Amino acid sequence: PTSCPATGSPCGSASSKDSVEWEGRSLLKALVKKSWEQVHVLGCEVSEEEFREGFDSSINSRLVYHDLFRDPLSWSKPGKALPGGPLEALRALDKRTGSGPATIALDSLSWLLHHLPCPILCQTLHALSRQDSCPGDTLPGEQVRVLGLLHEELHGPGPLGALSSLAQTEVTLSGTMGQASAHILYRRPRQRPTLQTQWFSILPDFSLELQVEPLLESQPPSDLHTPSVDPTTHLTFNLHLSKKEREAKDSLTLPFQFSSEKQQALLRPGLGQATSHIFYEPDAYDDLDQEDPDDDLDV
Amino acid sequence: MAAAGTCGTGTRSTGSMVAAASTNNVTSFQRRGPRASGADSGCSRLVSIAGTRPSVRNGQLLVSTGLPALDQLLGGGLAVGTVLLIEEDKYNIYSPLLFKYFLAEGIVSGHALLVASAKEDPADILQKLPAPLIDDSYKKECDEDVCSHKMEPDIKMKIAWRYQLLPKMEAGPVSSSRFGHYYDISKRIPQELIETSKWHGFFLPEKISSAFNVESCSLTPGYMKLLQFIQNIIYKEGFDGSNPQKKQKNILRIGIQNLGSPLWGDDICCTENCDTSHSLTKFLYILRGLLRTSLSACIITMPTHLIQNKAVIARVTNLSDTVVGLESFIGSEKETNPLYKDYHGLIHIRQIPRLNNLIYDISDVKDLAFKLKKKLFTIEHLQEGGLDL
């Protein structure tokens, strides 16, 4: 019922994983719309017109689009497209957002993973989400937020795992029966990560509407709470202590427990102390003769 | 090996025994070099460095890992000159704790520190170290935890009378010469302890310039720079006996965080058949060579759950000395298993080294679990429960 935690996180990076059935670009655009600071978009998969489509003018004015879609390999004249390829574009983003809080949206990380080696992409993303300028000057609200869109089905478990370990929030999109849901894994720095599922829908103007989980009638109620059986009811021996028994147990002196009586007994084997006796009753076959029985042997 | 360190000047001792006629000595062997400690050369043969002790089993010089329970599992402690590899848990919550315990133990014992990370600034890591506990407060923590479980605080433990009379440990100053201290995770280490300690930091984004030249050498540039840094510190500060140290010998504790992750420039976590697959293994091999010839001990945390190629994990395990794996229950089906309900994860001792030995020193217990309480990290036997080591 609260706002989507991805936008609530103060800094760090968030990645949305989508698949063929549940596309994530509209969620990305909804998150872009929600942030009220300057937004830099690195567009690789769709053109600028298509990305800006659906946004009203207030959002479009604070949205800076860095276009890698039109000319990714810089074949046309330099100056028109971003020179240096995607790596330079990312580094330029890093330097550009030195002033004030900003949101960087990467559309998409999959495209970048295909064009850059994974470790270099991870290092650059990490540098982006850290504040490079003097660390003492930044207020918590002024840091950079990085949102990335990742197409889950295009990559193996390696790059997915590597990028997941970098991201502070990971949103996996899925859904049932036409209703989209987001599984949100939120990693806080030194605490247990929280897994949350949020159902949502995106309206035509890209505002995000959160919804309650729809009733699933088709699923059988599988989590009936089975009443816990008390195992001590049908035993042949008694596990419970009555009050008198408990008192007797508490007042019992354990053999190695120190008490003044024991101390006295140890220090002074006194008069009241009975010395130990050995009671021996000889058997019919016992030989009470004290001599060496081997003397009989004729060896 | 570092065992040689217990008998004098380490690597130099073997070469400097000279058979010379000596007038007032019992033996005719005379150690070349300054005879500063003439009279007490007998007792200075055992190097007494603060925070170390010889192993009771084979005389190996040991340092504490910062967690006395883990020390006991490893056979007394971590041997000087070896590598402790921690296989990180999936969400990297508990392995940084072991890392911090190791460094905090170094500060409290007065050792020198070298912290290397590609993710966090070493100065920030040092700020977040846990505060050491003096003995009385540790007992109070344990009693508080025990009392919070039971609803009746007036049940006291009935201790056998012999142990009641044992003298309590002295609550001496925090920087004591004891082996193995307890720490309070909820508090930060006091600033003055950090300032009086000697530490060196290696933060990869600062050391690697922005020129991403893919060099053709077999080690990734990050690893190469780290090895050079470590070697430089060892040589300059004299941990390998190269500069004859007039002052007291000391141990260098090296901590490397998230080794093998993509932030170090290594793609071993990203692909299964990567080009630089030997980079990490070469790094570990050279690092171990550096450690064996110096008075240092190293802790490395590695996200092995991300490494795609299982053969690499096996190689990495063989190249490390002690390997401890952490497996947390978060997100797995074990979280709802009633057997594990009191614990946060399992701890696996995957390998213990055979140092100057023919047999291993492994404890018999295989099922160990850990629990992160508010202030302490405890390791317990799984089935018996509540039996704190």
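**Exercise 1. The interface of chains A and B**

How many residues of chain B are in contact with how many residues of chain A? Describe the interface as well by buried area, polar pairs and composition.

*Solution.* The model is a predicted one, in which local features need pLDDT of at least 70 and side-chain atom pairs count only at pLDDT 80 or more, whereas totals for chains, interfaces and linings use all residues. Residues are numbered from 1 along each chain as its sequence is written, chains are lettered from A in the order in which they are written, and side-chain values use heavy atoms, with hydrogens and water left out.

Step 1. With contact taken as heavy atoms within 4.5 Å, 31 residues of chain B touch 27 residues of chain A.

Step 2. The buried area, that is, the accessible area (1.4 Å probe) that the two parts lose on being put together, summed over both, is about 2,500 Å², and carbon and sulfur atoms give 64% of that area.

Step 3. For a salt bridge, a side-chain nitrogen of Lys or Arg must lie within 4 Å of a carboxyl oxygen of Asp or Glu; by this rule 0 are found across the interface of chain B and chain A. There are, however, 2 residue pairs in polar contact, both residues being at pLDDT 80 or more; such a contact is a pair of N or O atoms within 3.5 Å, where within protein one must be able to donate a hydrogen and the other to accept it, and residues adjacent in sequence count only if both atoms are side-chain atoms.

Step 4. On the side of chain B that touches chain A, the elements giving two or more residues are α5 (161-164) and α7 (204-207) of chain B, where helices (H or I, at least four residues) and strands (E, at least two) are DSSP runs, numbered from the N terminus. The largest share, 3 residues, comes from α5(B).

**Exercise 2. The sheet of 9 strands in chain B**

Give the strand order of this sheet, identify its edges, and place the helices that pack on it.

*Solution.* Step 1. Counting two strands as paired if DSSP finds at least two bridges between them, the open sheet has the order β10-β7-β11-β12-β6-β13-β14-β15-β16 (chain B), with mixed pairing. Because β10 (199-203) and β16 (377-381) of chain B each have a single partner strand, one side of each is left without a neighbour in the sheet. From one strand to the next, the twist averages 20°.

Step 2. Within this order, β13 (322-328) and β14 (345-351) of chain B pair in the antiparallel sense over 6 bridges, and B:S328 stands opposite B:G345 in β14(B).

Step 3. Helix α8 (221-237) of chain B lies across β7, β10, β11 and β12 of chain B and runs at about 165° to β10(B); axes here are lines fitted to C-alpha atoms, for helices over the stretch in contact, and angles run from 0 to 180 degrees between N-to-C directions.

**Exercise 3. Local details**

Which residue forms a salt bridge with A:E48, and where are the cis peptide bond and the positive phi values found?

*Solution.* Step 1. The partner of A:E48 is A:R52, with the closest N and O atoms 3.1 Å apart. The two residues are separated by about one helical turn, because they are 4 residues apart in helix α3 (48-52) of chain A.

Step 2. The peptide bond from A:D107 to A:S108 is cis, with omega near 0°, and A:S108 belongs to the loop between β4 (102-107) and α6 (109-115) of chain A.

Step 3. B:N92, although not a glycine, has a positive phi of about 55° and sits in the loop between β6 and α2 (95-109) of chain B. B:N258, also not a glycine, has a positive phi of about 55°, and the loop that holds B:N258 runs between β11 and α9 of chain B.
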